[in-house]
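User: Please take a close look at one part of this model for me, starting from the salt bridges and working into the strands they lead to. I'd like one connected account that I can follow at the bench.

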Amino acid sequence: MARAGGGPRRRQAPRGIVYDSPFFAFIRSAYLPTTPWTEPLASPIYGDLAGYPPLFLATGTHDPIIDSAREFASLVEKAGSPTDGYWPAGMPHGFYFFPDVHPEGDVAFERCREFLAKHLSH
């Protein structure tokens with residue numbers, strides 16, 4: 001989750017197809033129920049990102065985690081690692097898991113393939 005506020009996430013989350021805000025909160029609490037979310041092993045956004053590997057993220061603008069994904073990508077980039085973020089408008093959490101439903105999923109996989117080819121070929 002984003003470190004502060006929540007901002008637009010709260011307005012966008014109800015439009016998500018896969019997760020809405022209450023379900024997302026349930027999943028989050030089931031993931032690591034006794035570990036603080038400020039623990040870097042649970043939420044890398046709180047860790048030392050120096051030397052972090054190249055990062056590709058694909059998150060739709062109607063995904064409850066959009067703010068966190070954008071912030072994380074920004075922090076990784078500021079720490080010196082190459083990043084690429086794909087934030088298609090109106091897409092819910094996991095939009096790329098629905099072939100032939102969301103063409104944006106094909107774009108996400110193609111951008112990921114290109115990113116990996118560029119950064120793994122060294």
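**From the salt bridges to the strands**

Analyst: Glu110 is partly exposed, with a relative accessible area of 33% (buried means under 20%, exposed over 50% and partly exposed in between, using a 1.4 Å probe and protein chains only). Before we go on, this is a predicted model, where local features need pLDDT of at least 70 and side-chain atom pairs count only at pLDDT 80 or more, while totals for chains, interfaces and linings use all residues. Residues are numbered from 1 along each chain as its sequence is written, and side-chain values use heavy atoms, leaving out hydrogens and water.

Glu110 forms a salt bridge with Arg113, their closest N and O atoms being 2.7 Å apart (the term means a side-chain nitrogen of Lys or Arg within 4 Å of a carboxyl oxygen of Asp or Glu). Because the two are three residues apart in helix 4, about one helical turn separates them. Helices here are DSSP runs of H or I with at least four residues, strands are runs of E with at least two, and both are numbered from the N terminus. Arg113 is partly exposed too, at 46% relative accessibility.

The whole structure holds two salt bridges. Besides the pair just described, Asp84 and Arg111 meet through their side chains at 2.6 Å, N to O. This pair links distant parts of the chain, with Asp84 in strand 2 and Arg111 in helix 4 (residues 103–120), 27 residues apart. Arg111 counts as partly exposed at 26% relative accessibility.

Asp84 takes us into the strands. Strand 2 (residues 83–86) pairs with strand 1 in the parallel sense over four bridges; pairing requires at least two DSSP bridges between the strands. One such partnership joins Ala58 to Tyr86 in strand 2. Between the strands the chain passes through helix 3, making a right-handed β-α-β crossover: with the strands pointing away from the viewer, the path over the helix runs clockwise.

What covers the two faces of strand 1? Leu55 and Leu57 on one side, and Phe56 and Ala58 on the other, are all buried. In a regular strand the side chains alternate between the two faces of the sheet. Leu55 and Leu57 belong to the largest nonpolar core, which has nine residues, including Phe72 and Val76 (such a core joins buried Ala, Val, Leu, Ile, Met, Phe, Trp, Tyr and Cys through side-chain atoms within 4.5 Å). Helix 3 gives the most to this core, five residues. Another core, of seven residues, lies apart from it, with Phe56 and Tyr86 among them.
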